[in-house]
Amino acid sequence: MNTITLPDGRSIPVLGQGTWRLGERGADRAAEARVLRLGLDLGLTLVDTAEMYAEGGAEEVVAEAIAGRRQEVFLVSKAYPQNASRARLPQACERSLKRLGTDRIDLYLLHWRGGVPLAETVEAMRRLVEQGKIGAWGVSNLDVPDLEELGPALSECATDQVLYNLEARGVEFDLLPYAARLKMPVMAYSPVGQGGDLLGHPALKKVARRQGISPAQVALAWTLRQPGVISIPKAASEAHLRENADVWKVVLTPEDLSELDGAFPPPRRKQPLEML
Ligand code: NDP
């Protein structure tokens, strides 16, 4: 598996596992945890979750999946914006740690920007790093001006997790080059467009046929075609997971990329940051 280096020098895999919509139904939890564990076996050791997902349910599924294997996993979770204050962030973090069955979250993100001043969130995040509750902190759904507002603290910000797939390329205009200059990895969420219309697009299907892979694998390989991007597809199905785990080996050709550009044109001007 290819890896990427975080600002603090740690190496993490470029391909991880998302967990949104896991843990929503009790009856599915054991199967979901089994697929996540298979993902760990296949090298997808970065696991992305959030207190929001199934209101803590996804974190509980992750706990089941990583039990006895904590050392193998790079664990990412996120706090609600309303919990990102000096007083509430430590409590939210404690609740997540408890649900995750661990004493440390490797990377803790502000899920999106809310009413709490960024400087206050940074202060609270720093405190959690000092206490060893989290390994590093980062953000999600922040556009370039928000990142600039972080000022000198930007050098500690380990990532910005943003919507990025063939149908949502706006970040290529400014955010991706900005992060590259800072040597800050970006995490691409919803990289296969949530398994929707994107995967049926004729251009994607054509490239997939030529490469002998699936449209989802094309979509994922496309997000990973450039350095500095980590992709975190979610798969509750074992077949999907197995496809996704192989993607880091795929090399898209200039012909593939130019056909995809034709069907999904890159941005020519600044676009407001899209988010789900
Ligand atoms: P994805 O683009 O990862 O799509 C997930 C959907 O695609 C599921 O329905 C899944 O099906 C299906 N799928 C996965 N792999 C394949 C495949 N190989 N072939 C066909 N279908 C496939 O969307 P998400 O929105 O889940 O994004 C990924 C992760 O990013 C989230 O789970 C979450 O961790 C994070 N995220 C973060 C956000 C933020 O605001 N920071 C917002 C949104 C997501 P099935 O499950 O049945 O296998």
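What follows is a short dialogue on how to read the sheet, one helix and two residues of this predicted model.

User: Where should I begin with the sheet, and what order do its strands have?

Analyst: Begin with how strands come together in general: strands of a sheet pair through backbone hydrogen bonds, either parallel or antiparallel. In this structure an open sheet of eight strands has parallel pairing, and its order reads β3-β4-β5-β6-β7-β8-β9-β10. The edges are held by β3 (16-17) and β10 (229-231), and each has a single partner strand, so one side of each is left without a neighbour in the sheet.

User: Which strands pair with β5, and over how many bridges?

Analyst: Strand β5 covers residues 74-79. With strand β4 (residues 46-48), β5 pairs in the parallel sense over three bridges, and with strand β6 (residues 105-110) the pairing of β5 is again parallel, over four bridges. You can follow this at the level of single residues, for Val76 in β5 is the bridge partner of Asp48, while Leu107 in β6 is the bridge partner of Val76. Continuing along the sheet, five bridges join β6 to strand β7 (residues 134-140), and these two strands run parallel. There the bridge partner of Leu107 is Ala136 in β7, so that a reader can trace the path onward from the residue named before.

User: How does the chain travel from β5 to β6, and what is the handedness of that unit?

Analyst: Look for the helix that lies between the two strands along the chain. Here β5, helix α3 (residues 88-100) and β6 make a β-α-β unit that is right-handed.

User: Are β5 and β6 mostly covered or mostly open?

Analyst: As a general idea, in a regular strand the side chains alternate between the two faces of the sheet. In this model β5 is mostly covered, with five of its six residues buried, and β6 is mostly covered too, again with five of six residues buried.

User: How do I read a helix such as α3, and which of its residues are buried?

Analyst: An α-helix has 3.6 residues a turn, so residues three or four places apart point the same way. In this structure α3 has 13 residues and reaches 18 Å from its first C-alpha to its last, which is close to the 18 Å expected at 1.5 Å a residue. Its buried residues are Leu89, Ala92, Cys93, Ser96, Leu97, Arg99 and Leu100. Seen down the axis of α3, these buried residues fall within an arc of 165 degrees, so they line one face of the helix. On the other side of α3, Gln91 and Glu94 are exposed.

User: What do the buried residues of α3 pack against, and what follows the helix?

Analyst: The buried residues of α3 pack against α2, β5, β6, α4 and β7. After the helix comes Gly101, whose phi is positive, near 65 degrees.

User: Which residue does the UniProt annotation "active site" cover, and where does it lie?

Analyst: An annotation of this kind is best read together with the surroundings of the residue in the model. The UniProt record, an unreviewed entry, gives "active site" for Tyr53, and Tyr53 lies in the loop between β4 and α2. Tyr53 is buried, because 24 other C-beta atoms lie within 10 Å and the cut-off for buried is 20 or more. Not counting residues up to four places away in sequence, Tyr53 touches Thr19, Trp20, Leu22, Gly23 and Ala58.

User: Is Gly57 buried or exposed, and what does it touch?

Analyst: The place of Gly57 is in helix α2. Gly57 is buried, with 20 other C-beta atoms within 10 Å. Leaving aside residues up to four places away in sequence, Gly57 touches Gly23 and Glu24. It also helps to compare distance along the chain with distance in space: Gly57 and Gly26 are 31 residues apart along the chain, and their C-alpha atoms are separated by 8.7 Å.

Methods: Residues numbered from 1 in each chain as written. Predicted model: local features only at pLDDT ≥ 70, side-chain atom pairs only at ≥ 80, totals over all residues. Buried ≥ 20, exposed ≤ 12 C-beta atoms within 10 Å, placed from the backbone. Pairing = 2+ DSSP bridges. Right-handed = clockwise from strand over helix to strand, strands pointing away. Expected span 1.5 Å × (residues − 1). Arc of directions from axis to C-beta. Contact = placed C-beta atoms within 7 Å. UniProt positions renumbered as here; feature names shortened; annotations may be inferred.
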